[in-house]
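Colleague: I should like to go through this model with you, beginning with its overall form and ending with its individual turns. Please give the reasoning behind each reply.

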Amino acid sequence: MEGTYQELAARWKALRARDVRVREVACVNAPRTLLCAETGDAGLPSVALCAGVHGDEPVGPWALLELVESGALSDRFSYRIWPCMNPSGFDAGTRENAEGIDVNRTFGRGGQSPEARAVLTANRDRKFAMSIDLHEDCDAAGFYCYEYGGGAIGVAAIAALDAAGYAIDPLETTFDAAGPLDDARCLRERGRIVADRVAEGALLGGLSYSLAVVRHAARVALTFETPSRAPWEVRMAMHGTAVCAAIVAASGFRDRPA
Ligand SMILES: [Zn+2]
């Protein structure tokens with residue numbers, strides 16, 4: 001169930017007893033830290049997972065925690081996890097952080113918020129096979145995703161959600177309300193938007209985490225969105241199912257001969 005940031009952080013720190021490396025990263029010029037967790041064999045390719053950059057989208061952070069607590073992440077990768085990238089917004093239930101900044105527009109130029117700078121500095125020199133960022137959308141009728149960097153991992157995530165019987169957003173009306181792109185600059189299908197990262201960055205007026213990470217650090221970046229109107233447990237299960245399916249798809253991608 002939903003809880004405070006302190007409760008979330010305590011659950012992550014308890015995972016230190018189970019070989020999850022959890023540390024707190026300082027946010028320079030802000031009175032807060034971010035949790036950074038790592039798990040898996042450091043010699044394996046790394047997947048970046050994060051959530052909570054928008055504080056009014058609480059399911060993502062709890063879904064990531066549950067994935068690690070339950071041991072659901074495949075051991076074919078190692079993982080670098082940012083469990084909640086906007087703790088002050090998480091506790092206040094606001095999209096923005098305590099200073100009123102939308103952190104997910106500040107990942108350009110080395111980071112233009114204390115939270116983005118902390119993440120980008122710690123991630124510097126790291127390369128990821130894939131990056132996934134968990135969000136929610138109050139306008140959505142079902143799950144959907146953004147996919148950057150090519151590939152069709154989002155297709156695998158949608159197929160897994162379909163197989164489990166979860167609602168997929170057709171992206172016919174939601175997208176007008178939520179998306180910054182028109183059809184000339186992205187491919188849009190049921191449950192999935194494949195956008196041009198350069199065009200989207202320009203239209204957003206600032207880089208999101210996924211757009212920043214796919215520039216230099218990750219071959220593929222996905223942003224998953226669950227519908228805020230659906231019951232809590234359904235949204236938790238949607239994110240969990242989608243993340244696991246994406247990881248399976250990325251392993252196939254990795255094994256395929258060049
Ligand atoms: Zn969001």
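**Sheet, core and turns of a predicted model**

Colleague: In which sense do S1 and S2 pair, and which residue stands opposite Ala26?

Modeller: This is a predicted model. Strand S1 covers residues 21–26 and strand S2 covers residues 33–39, and the two pair in the antiparallel sense over 6 bridges. Within that pairing, the residue of S2 that stands opposite Ala26 is Thr33.

Colleague: Which residue in the hairpin of S1 and S2 takes a positive phi?

Modeller: The hairpin has 6 residues between the strands. Most residues other than glycine have a negative phi. The residue in question is not a glycine, yet its phi is near 70°, and with 9 C-beta neighbours inside 10 Å it counts as exposed. It lies in the loop between S1 and S2, and it is Asn29.

Colleague: Where in the protein is Asp125 found, and what is its phi?

Modeller: Asp125 is found in the loop between helix H4 (114–123) and strand S5 (130–137). Asp125 counts as exposed because it has 7 C-beta neighbours inside 10 Å. Its phi is positive in a residue other than glycine, with a value near 75°.

Colleague: What is the order of the strands in the open sheet, and which are its edge strands?

Modeller: The sheet is formed by 9 strands with mixed pairing, in the order S1-S2-S4-S3-S5-S9-S6-S8-S7. From one strand to the next the twist averages 20°. An edge strand pairs on one side only, which holds for S1 and strand S7 (186–189).

Colleague: Which pairing in this sheet is parallel, taking S3 and S4 as the example, and what stands opposite Cys50?

Modeller: Strand S3 (residues 46–51) and strand S4 (residues 78–82) pair in the parallel sense, over 5 bridges. Opposite Cys50, in S4, stands Trp82.

Colleague: Is Glu189 buried or exposed, or does it fall between the two?

Modeller: Glu189 has its place in strand S7. S7 pairs with strand S8 (residues 192–195) in the antiparallel sense over 4 bridges, and Glu189 stands opposite Arg192 there. A residue needs 20 or more other C-beta atoms within 10 Å to be buried and 12 or fewer to be exposed. Glu189 has 13 such atoms, so it is partly exposed.

Colleague: Which residue takes a positive phi in the hairpin of S7 and S8?

Modeller: This hairpin has 2 residues between the strands. The phi in question is near 80°, and the residue is Gly191.

Colleague: How many residues has the largest nonpolar core, and which helix gives the most to it?

Modeller: The residues with the most contacts inside this core include Val47, Leu64, Met130 and Leu222. The core has 77 residues. The helix that gives the most, with 9 residues, is H9 (residues 232–255).

Colleague: With which residues is Leu222 in contact, leaving aside its neighbours within four places in sequence?

Modeller: Leu222 is one of the residues with the most contacts inside the largest core. Nonpolar side chains tend to be buried together in soluble globular proteins. The contacts of Leu222 beyond those neighbours are Ile132, Cys145, Tyr146, Glu147, Ile153, Gly154 and Ala246.

Colleague: Why is helix H2 described as largely enclosed?

Modeller: Helix H2 covers residues 59–69, and the buried ones include Pro61, Trp62, Leu64 and Leu67. After H2 comes Gly71, with a positive phi near 70°. H2 is largely enclosed by the rest of the structure because its buried residues number 9 of the 11.

Colleague: What arc do the buried residues of H5 cover around the axis?

Modeller: In helix H5 (residues 153–163), the buried residues are Ile153, Gly154, Ala157, Ile158 and Leu161. They lie on the same side of H5, because the arc they cover is only 140°.

Colleague: What radius of gyration does the protein have, against that of a compact globule?

Modeller: Along its principal axes the C-alpha trace spans about 40 × 40 × 35 Å, and 48% of the 258 residues count as buried. With 258 residues, a compact globule would have a radius of gyration near 18 Å. The value for the protein agrees with this, being 17 Å.

Definitions and conventions:
Residues are numbered from 1 along each chain as its sequence is written. A nonpolar core is a set of buried Ala, Val, Leu, Ile, Met, Phe, Trp, Tyr and Cys residues joined through C-beta atoms within 7 Å. Two residues are in contact if their C-beta atoms, placed from the backbone, lie within 7 Å. Two strands pair if DSSP finds at least two bridges between them. Axes are lines fitted to C-alpha atoms, for helices over the stretch in contact, and angles run from 0 to 180 degrees between N-to-C directions. The radius of gyration is taken over C-alpha atoms; the globule rule is 2.2 Å times the number of residues to the power 0.38. The arc is that of the directions from the helix axis to the C-beta atoms.
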